[in-house]
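Could you walk me through this structure, stop by stop? I have it open in a viewer and would like to know what to select next and what I will find there.

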Amino acid sequence: MRMSNTSLWILWALLTLALCGWLGYSLLLSDDNEIFLLGQTSHGHHQIELACTSCHTSAFGGQEVLQDACMNCHGDALKAAQDDHPRSKFTDPRNADRLAEIDARYCIACHREHKPELTGEMGVTRPDDFCFHCHASIAETRPSHAGMEFNTCASAGCHNYHDNTALYEDFLLTHAGQPDLLEKMRVPVRGHHTDENHADALTLADIDMPATLSMDSDIPSQWQQSAHARSGVNCSDCHSNDAADSGVESQQPAWIEKPDHNSCRSCHEQQVSGFLSGMHGMRLAAGLTPMRPALSWKPMRAQAADITLSCNSCHQAHDYNPVRAATESCLGCHADNHSLAYQNSKHAALWQQEISGSADSGSGVSCATCHLPRETHQKNGKDVVRVQHNQNHNLRPVEKMARDVCMHCHGLGFTLDALADPALRANNFQGRPAAHIESIRMAEERLRQQQENRQNRGTGQ
Ligand code: HEC
Ligand code: HEC
Ligand code: HEC
Ligand code: HEC
Ligand code: HEC
Ligand code: HEC
Ligand code: HEC
Ligand code: HEC
Ligand code: HEC
Ligand code: HEC
């Protein structure tokens, strides 16, 4: 039996497709991908742009495959931020008509890649008035919005597409009328021995490094003064793979000369995964060499060009000084205007008072207060304070910093005004906000109107 022309054509098409797919995929997997990159990737992904398979996990499957990749890395954070426009909003048949222009079920409807000419802030590849496509009639239900331009919806202090946890109406109303500076500051205080039953403190006599090895003479005393020795953490806890893991119990575990972040995992899982999820650790997470200032798109100190990013870039290997980690370490690498301006801010003066002991713990503002904030978690029914090690977690859009950082000390109104002011962001918050954001007043006005209408109805007018 002979095949018809059409079946031959289909067979040929399928074979070609398979071949292209296979070739394409092996290109994605190869080590030197630069020549295949179609166009620079966005600011958030430039560090991993040559790790093609981070996003293109398979050559087949098109947008669904990309969607899964996006969700794998960003899904948890969007969920935690109570994404205001999640996919479920658009798989709801009642909203089907809204998808005509923008198929918002897919991330790449707004975040395309390799298209630098289309890409704006936060990897958005839509013109900034795109809310129009779904909210053209907003002024009918919200008279306060009459006459507003659609490119102003997402101005700082108004709305975000995803994270509105510091901007929704009830939140604005609950925190209306707060003073610029709260009477009582509420930065969580980090305590030791809060969650584990620690072993007894170790002394120099307990050191378990093989005697055949030599070391720097500072190491024992640094270790002895650290929280590690105080909590029963010995040299081999970081310097060897767990013997039990390798299944060889009798053998003395091999000494690792320079442990990396994996050696901290068994005890500090949250800190390690936070570090790997942000721009300090994302290259390690993608299986690439560590990030270093030489690869950065930001202004960095020339002398720091080749310092690699690891836990040790802020913490020393044996001397864990949280004060040095919180500002000095950062300024060893970062040299943009905002970072350099910090030293002259009132926040920095407050931090100096805190570390000199003349003010309470948590009353100062270091780089880490804003960028690696302390978070309170629940463990075995108790509050445990942990440092968020993903410095991108609350970075953009700016309102993300409001609730868990600024509002520990400032009222909501002042916070939104200050964060929305580009000059204050650039000079690291020296001076008063230049403009006032109207969101809180608009929410109050709407509440007043609603109450008035209800009263009128009640009195039969
Ligand atoms: C951070 C995620 C990410 C990384 C890393 C990445 N891509 Fe992509 N790529 C995408 C997205 C998203 C699209 C879809 C873009 C669109 O529809 O405009 C895409 C599209 C493509 C396309 C199809 C182009 C088109 O216009 O349809 C090719 C080919 C491609 N990428 C190759 C690569 C190669 C080669 C690498 C590595 C050198 C790479 N990509 C790295 C996210 C990524
Ligand atoms: C391998 C993990 C990974 C994958 C896959 C991935 N991202 Fe990212 N993305 C990151 C990291 C890490 C950052 C930088 C830290 C941050 O901003 O959260 C980032 C940043 C971003 C940003 C913010 C950029 C900025 O400038 O603030 C957007 C938007 C984004 N990703 C969207 C996507 C979309 C859409 C996809 C799917 C096409 C995707 N990402 C796939 C890890 C990933
Ligand atoms: C209809 C457009 C649209 C779609 C669809 C969309 N985004 Fe976004 N995304 C934006 C805009 C606009 C911003 C800028 C910040 C904002 O307004 O929330 C943004 C910002 C982000 C950011 C950085 C800021 C943040 O809040 O973390 C990430 C990460 C991100 N998007 C990931 C995704 C992922 C993952 C998907 C798919 C599940 C997705 N986006 C779908 C429009 C979109
Ligand atoms: C693809 C369609 C689509 C786009 C684009 C879109 N939205 Fe929405 N938005 C919706 C839908 C659907 C709802 C839920 C129903 C409603 O309130 O209209 C919604 C609800 C909202 C709400 C009410 C929030 C809530 O939790 O009830 C706000 C505020 C909002 N959108 C702002 C924006 C802003 C700002 C933009 C642009 C940055 C935007 N939207 C872009 C479809 C969209
Ligand atoms: C909390 C984990 C941890 C503990 C506990 C620890 N170390 Fe280390 N040590 C490290 C790390 C991380 C490095 C790698 C530093 C680097 O990459 O440069 C290191 C490096 C070293 C080096 C190589 C130093 C160099 O500069 O070449 C020696 C020697 C050493 N440690 C000895 C010890 C001894 C002895 C103890 C116990 C008294 C100890 N360490 C306890 C984490 C630890
Ligand atoms: C065997 C468990 C264990 C390992 C492995 C371990 N730590 Fe620790 N670490 C602890 C304990 C216990 C404490 C003190 C109690 C606390 O603060 O919760 C601590 C405290 C710390 C502190 C706070 C110090 C202070 O004075 O506030 C830092 C920073 C730290 N560890 C970093 C690291 C790094 C980086 C690594 C990997 C190179 C590492 N740790 C490996 C158990 C461990
Ligand atoms: C960008 C700098 C930086 C890097 C990189 C860094 N840390 Fe930290 N870390 C800090 C600062 C600053 C503090 C103290 C913050 C405070 O006191 O509020 C801290 C505190 C800690 C603490 C004690 C507080 C807590 O959360 O329990 C541990 C443990 C810790 N770091 C572990 C790690 C590990 C493990 C790594 C590597 C995966 C790492 N750190 C990488 C800056 C950093
Ligand atoms: C060893 C050098 C080094 C140290 C130390 C360091 N950083 Fe970074 N930081 C970098 C590099 C490199 C990047 C990635 C920049 C890029 O991708 O262009 C980065 C990224 C960031 C970002 C994200 C920037 C963005 O636009 O998304 C923030 C915020 C940040 N660092 C703050 C800090 C803070 C706060 C500290 C101290 C607690 C610190 N860094 C310590 C080198 C360092
Ligand atoms: C009072 C809180 C606060 C303090 C203190 C602070 N920052 Fe920031 N930082 C921010 C905010 C808010 C942004 C976001 C700015 C934006 O999006 O325009 C930011 C942005 C950044 C960025 C990204 C800049 C860019 O190019 O987009 C880096 C890097 C950074 N900060 C580092 C530091 C360092 C290093 C220190 C200490 C020397 C520090 N910051 C102190 C709040 C703070
Ligand atoms: C630990 C408490 C604390 C945190 C957290 C904090 N601030 Fe402040 N801030 C203060 C105090 C106290 C002052 C007043 C200092 C003075 O007048 O001497 C201040 C002053 C300011 C000023 C006025 C500075 C001047 O030169 O007059 C601005 C603007 C500001 N903060 C913005 C912010 C923003 C934005 C955030 C969050 C990203 C933030 N602050 C986080 C305590 C804090």
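Select Gly357, just after helix 16, where the backbone takes a positive phi of about 90°. Keep in mind as we go that this is a predicted model.

Now step back into helix 16, residues 346-356. Which of its residues are buried? Pick Ala348, Trp351 and Glu354. They share one side of helix 16, because the arc they cover around the axis is only 115°. The spacing fits a simple rule: an α-helix has 3.6 residues a turn, so residues three or four places apart point the same way. Turn the view to the face directed away from the buried side, and you will meet the exposed residues Lys346 and Ser356. To see part of what covers the buried residues, add helix 13 (322-326) to your selection.

Next, the metals. Select the iron atom of ligand 9, with His338 and His371 as its protein donors. Each binds through NE2, lying 2.0 Å from the iron. Why is the arrangement around the iron atom of ligand 9 octahedral? Its six donor atoms subtend angles of 88 to 180°. Colour helix 15 (residues 337-341), which holds His338, and helix 17 (residues 367-371), which holds His371: the two histidines are 33 residues apart in sequence, so the pair ties those parts together. Show the surface and check both: His338 is partly exposed at 24% relative accessible area, and His371 is partly exposed too, at 22%.

Move on to the iron atom of ligand 4, coordinated at 2.0 Å by NE2 of His85 and NE2 of His135. The angles between the six donor atoms here run from 87 to 179°, which makes this arrangement octahedral. His85 sits in the loop between helix 2 (62-80) and helix 3 (87-91), while His135 belongs to helix 4 (residues 132-135); with their positions 50 residues apart in sequence, the pair links distant parts of the chain. His135 is partly exposed, with a relative accessible area of 35%.

From ligand 9, you can also walk past helix 17 to Pro373, in the loop between helix 17 and strand 1 (374-379). Is Pro373 buried or exposed? Its relative accessible area is 5%, so Pro373 counts as buried. Leaving out residues up to four places away in sequence, Pro373 touches Ala368, Arg386, Val387, Gln388, Asn394, Asp404 and Val405. For a long-range distance, try Pro373 to Val187: they are 186 residues apart along the chain, with 8.9 Å between their C-alpha atoms.

Now for the largest nonpolar core, which has 13 residues. Start with Phe171, Leu172, Leu412, Leu416 and Leu419, the members that touch the most others. Helix 6 (169-174), helix 19 (412-420) and helix 21 (439-458) each give two or more residues to this core, and helix 19 supplies the largest share, three residues. Zoom in on Leu416: beyond its neighbours within four places in sequence, it contacts Ala166, Leu167, Leu172, Glu399 and Ile437. Another core, of seven residues, lies apart from this one; Phe90, Leu99, Ile102 and Ala109 are among its members.

Finish at Leu276 in helix 11 (residues 265-277). Leu276 is buried, at 12% relative accessibility. Its contacts beyond four places in sequence are His261, Arg265, Gly281, Met282, Leu284 and Ala285. Leu276 and His261 are 15 residues apart in sequence, and their C-alpha atoms are 9.5 Å apart.

Key:
Residues are numbered from 1 along each chain as its sequence is written. Chains are lettered from A and ligands numbered from 1 in the order in which they are written. This is a predicted model: local features need pLDDT of at least 70, side-chain atom pairs count only at pLDDT 80 or more; totals for chains, interfaces and linings use all residues. Side-chain values use heavy atoms; hydrogens and water are left out. Buried means under 20% relative accessible area, exposed over 50%, partly exposed in between (1.4 Å probe, protein chains only). Helices (H or I, at least four residues) and strands (E, at least two) are DSSP runs, numbered from the N terminus. The arc is that of the directions from the helix axis to the C-beta atoms. Contact means heavy atoms within 4.5 Å. Donors are N, O and S atoms within 2.8 Å of the metal (3.2 Å for Na, K and Ca); water is not among the atoms, so sites may look incomplete. Four donors count as tetrahedral if all angles lie between 85 and 135 degrees; four count as square planar and six as octahedral if opposite donors are over 155 degrees apart and all others between 65 and 115; anything else is irregular. A nonpolar core is a set of buried Ala, Val, Leu, Ile, Met, Phe, Trp, Tyr and Cys residues joined through side-chain atoms within 4.5 Å.
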